[in-house]
Amino acid sequence: QSHLAFSAVEETHVGRYHLLRTIGKGASAKVKLAQHIITGQEVAIKIIDKIQHTSSDLHRLYREIEIMKDLHHPNIVKLFEVIENEHALYIVMEYASGRDLFYHLVNHGFMSEKEAQTKFQQIVSAVKYCHDKSIVHRDLKTENLLLDKRMNIKLADFGLGTQFTTGSKLDTFCGTPPYSAPELLQGEKYDGPPVDVWSLGVILYFMVTGSLPFRGKTLTKLREQVLQGQYHVPFHMSSQCQHLLSKIFIRDPRKRATLEDILAHPWMKVSHEEKQKLYVQPLPDYDNHWHTEVTVNTGYVQEDIHDSLLNRNYNDANATYLILRHD
Ligand SMILES: CC1(C)C(=O)N([C@H]2C=Cc3c(O)cccc32)c2nc(Nc3ccccc3)ncc21
């Protein structure tokens, strides 16, 4: 039976996970909700059909997985395990039960600026964390921002985003036109961080107004609007928010606000509530006895856990530890 890439009968199990329903479908990949049998925790498994991928695609995929192994941030979707056979690649990741920000905005309308500020702080914190590791996302959009059960932002799809861009992907550049910076739309060589900053502006505008700032019917019309930098400011937008957007939607990437500028802007200042601490990656606490103890109780040998954590190979021992460990 294993000779079939996807056997006629849907598999019900992969590794130590029980596959449940499909939550996302791309051209040559799909995402299924699954349950970790040992812990009962829900996870999301991205299933990549290797047969339908060119070797360069797969190479890019392996590179993206390596990047994700290095990202540990509360607002970035966690990688738990990678399972591979000759037919398929299974990427076991954190499951965000609140779906994505686009879906939320379409169904609930625009947010209060208080709520938008909380979400935007989480998004900027996640993107700054990546930029500090010289990783740029290049496809930031509300569809890639997931929400967990506590409505916290979970940034998804590092470079894998192209698998899930709904509709036809314009191959003149990576990314999604309404979120794309002018230098990208002009096909110029571009610097990563300012391109992500521009997309953050589009996301902020979308959260506060419920619509996109630039939305031409055709790519040409859209490009004109973006190059002119003209966008509608609704009456209910505060002047602080308007000011912040004007610092982001600057055509010249060198003059555009940086992430530091955004974080320092008055609109981003947390209100009287407790100070929003920027996330600092904790040193790995592999000797955290509770986790390893519980993981050991699930039948894993202490050494295996220690070994797999230290060598960062994303196998089942490591996954059990990571699944138990994260919030
Ligand atoms: C593994 C990972 C990161 C992923 O690749 N997806 C896909 C799949 C659907 C989709 C989307 O609709 C928007 C963005 C990412 C994605 C995930 N979707 C979820 N939750 C979800 C829950 C109900 C509906 C849709 C998504 N959690 C984690 C992920």
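**Figure 1. Contacts across the chain in the predicted model.** Among contacts between residues at least 6 apart in sequence, 64% join residues at least 24 apart. This is a predicted model, and its secondary structure comes to 12 helices and 8 strands. The chain has 327 residues, and buried residues make up 49% of them. The views that follow start with a helix that is largely enclosed by the rest of the structure, then turn to salt bridges and to two residues with positive phi.

**Figure 2. Helix α6, residues 192–209.** Here is a good helix to get your bearings with: α6 has 18 residues. From its first C-alpha to its last, α6 reaches 26 Å, close to the 26 Å expected at 1.5 Å a residue. How many residues of α6 are buried? The count is 17 of the 18, so α6 is largely enclosed by the rest of the structure. Just after the helix comes Gly210, with a positive phi near 85°.

**Figure 3. Where α3 packs against α6.** Helix α3 covers residues 113–132, and its axis comes within 10 Å of the axis of α6. The two axes cross at roughly 165°; α3 and α6 are therefore roughly antiparallel to each other, since angles over 145 degrees count as such. The crossing is right-handed. From α3, the contact is made by Glu113, Ala116, Lys119, Phe120, Ile123, Val124, Val127 and His131. Facing them from α6 are Pro193, Asp196, Leu200, Ile203, Leu204, Met207 and Val208.

**Figure 4. Where α8 packs against α6.** This close-up shows α6 with another partner, α8, which spans residues 239–248. The axes of α6 and α8 lie 9 Å apart, and the helices pack at an angle of about 155°. Are α6 and α8 roughly parallel or roughly antiparallel to each other? They are roughly antiparallel, and their crossing is left-handed. On the α6 side, look for Val197, Trp198, Gly201, Leu204, Tyr205 and Val208. Their partners in α8 are Cys241, Leu244, Leu245 and Ile248. If Leu204 and Val208 look familiar, that is no accident: both are listed in the contact with α3 and in the contact with α8.

**Figure 5. A salt bridge between Asp316 and Arg16.** The model has 14 salt bridges, and in this one the side chains of Asp316 and Arg16 meet at 2.6 Å, N to O. Asp316 lies in helix α12 (residues 316–325), while Arg16 sits in the loop between β1 (13–14) and β2 (17–25). The pair therefore ties together parts that are 300 residues apart in sequence. Asp316 counts as partly exposed at 22% relative accessibility, and Arg16 counts as partly exposed at 38%.

**Figure 6. A buried salt bridge between Arg256 and Glu183.** The closest N and O atoms of Arg256 and Glu183 are 2.8 Å apart in this salt bridge. Arg256 belongs to the loop between α8 and α9 (259–264), and Glu183 to helix α5 (residues 182–185). The pair links distant parts of the chain, 73 residues apart. Are Arg256 and Glu183 buried or exposed? Both are buried.

**Figure 7. Asp252 with Arg254, and a network of salt bridges.** The side chains of Asp252 and Arg254 meet in a salt bridge at 3.1 Å, N to O. Asp252 is buried, with a relative accessible area of 19%, just as the cut-off of under 20% requires. Arg254, by contrast, is exposed, with a relative accessible area of 76%. Also worth finding is a network of salt bridges that links Lys128, Asp132 and Glu260.

**Figure 8. Arg138 and Met151, two residues with positive phi.** Which residue in the loop between α3 and β7 (145–147) should you look for? It is Arg138, whose phi is positive, about 70°, although Arg138 is not a glycine. Arg138 is partly exposed, with a relative accessible area of 36%. Met151 is found in the loop between β7 and β8 (153–155). Phi of Met151 is near 60°, again a positive value in a residue other than glycine. With a relative accessible area of 28%, Met151 is partly exposed.

Note on methods. Residues numbered from 1 in each chain as written. Predicted model: local features only at pLDDT ≥ 70, side-chain atom pairs only at ≥ 80, totals over all residues. Heavy atoms only, no water. Helix = DSSP H or I, 4+ residues; strand = E, 2+ residues; numbered from the N terminus. Expected span 1.5 Å × (residues − 1). Buried < 20%, exposed > 50% of the residue type's maximum accessible area, 1.4 Å probe, protein only. Salt bridge = Lys/Arg side-chain N within 4 Å of Asp/Glu carboxyl O. Axes fitted to C-alpha atoms, helices over the stretch in contact; angles between N-to-C directions. Parallel < 35°, antiparallel > 145°, perpendicular 65-115°, else oblique. Left-handed = near helix turned anticlockwise from the far one by under 90°. Contact = heavy atoms within 4.5 Å.
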